[in-house]
Amino acid sequence: MKLGIISSILDGWTYEEMIDEISRIGYECVEVACWPQGKAERKYGGVSHIDVNNLDEEKKEHILSYAAEHGVTISALAYYPNTMDGNPDKRKASIEHLYKVIDAASFLGIDLVTTFIGRVTELPVEDNLEIFAEVWPPIIKYAASKGVRIGIENCPMLFDRTNWPGGQNLFTSPVLWRKMFEIIPDRNFGINFDPSHFVWQQMDYIAPIYEFKDRIFHVHFKDIKLYPEKLKECGVMAYPLDYMDPKIPGYGDVEWKRFVSALTDIRYDGFACVEVEDRAFEGSKEKIIDSLKQSYKYMRALVI
């Protein structure tokens, strides 16, 4: 396994500054955020360290050589929008940019794009599966034609009132994964697995590693801290942020030794990127760097 980060925590940093810092800390890879330039959609969304709209041979050479010179591999190009937004204009814009990210990955010789499936928040699962069957097969086939795999993160994108009641990503559980892999059996369609999202949903995050071992294209190392006393008072029907918080690895409830051990069981030798969304490490550049250093120190003991 190669240990890295997703670059979205380094908002406002240039590509070179980002590579410099993660290389200094010791990370081996980076999942590079590629949102549309200057179009922040949400917290941690809207960050762009590679402008996929303005690539040419000279920029390609610089991007790849700068990373290589610093001992860093680009694990994937990352863009996490709602590609099934109920607003047709937003859906169209998200899909159009996703195609550009796929093109950029192919041009750069990077074989993976990480993203979300999306969801019409107000519609039930059954209706969303029908929309998925219309929206996603052409995207997956296009990616295959470009030699690119698509890794879907399992974050429900359900946190507060802005994405209530159904969240903004359908790809949330093994039950739904099975259905979506039946609809799209293509082998370039897989998972960017983040165990933290299963913790707050009170799901098993170990068994799916074995069942879906051939579909795990990428891994996120993010933790979640549950507050049992809050959960007892508000219940699982409350906004999730009412009873949990995202944390850096080791500061929450994921049993990382078990998780990494299971990955070694299936001989996973791909990329595993720390995702920092810990509010305790916000507010300054120094705190962000501290979060990356601490995450590296903790996970380096497990990822050898």
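**Note on the predicted model**

1. The protein chain carries 35 positive and 47 negative side chains, and the centres of these two sets lie 2 Å apart. Please keep in mind while reading that this is a predicted model.

2. On overall form, the C-alpha trace of the protein chain spans about 55 × 40 × 40 Å along its principal axes. A compact globule with 304 residues would have a radius of gyration near 19 Å, and because the protein chain has 18 Å, the two agree.

3. As for how the chain is built, the protein chain contains ten helices and ten strands. Of the contacts with a separation of 6 or more in the protein chain, 77% are between residues 24 or more positions apart.

4. Turning to burial and surface, buried residues make up 55% of the 304 residues in the protein chain, where buried means under 20% relative accessible area. The accessible surface of the protein chain comes to about 13200 Å², and carbon and sulfur atoms account for 50% of that surface.

5. Helix 1, which runs over residues 15-25, can serve as a local example, and its buried residues are Tyr15, Met18, Ile19, Glu21, Ile22 and Ile25. They cover an arc of only 165° around the axis, and therefore they lie on the same side of helix 1.

6. What covers these buried residues of helix 1? The cover includes strand 1 (2-6), strand 2 (29-33) and strand 3 (73-78), together with helix 2 (57-69) and helix 10 (285-300).

7. Regarding the end of this helix, the residue that follows helix 1 is Gly26, and the phi of Gly26 is positive, near 125°.

Conventions
Residues numbered from 1 in each chain as written. Predicted model: local features only at pLDDT ≥ 70, side-chain atom pairs only at ≥ 80, totals over all residues. Heavy atoms only, no water. Buried < 20%, exposed > 50% of the residue type's maximum accessible area, 1.4 Å probe, protein only. Helix = DSSP H or I, 4+ residues; strand = E, 2+ residues; numbered from the N terminus. Arc of directions from axis to C-beta. Contact = heavy atoms within 4.5 Å. Rg over C-alpha atoms; globule rule 2.2 N^0.38 Å. Areas by Shrake-Rupley, 256 points an atom, 1.4 Å probe, with all protein chains shown as cover. Lys, Arg positive; Asp, Glu negative; His and termini not counted. Charge placed at Lys NZ, Arg CZ, Asp CG, Glu CD.
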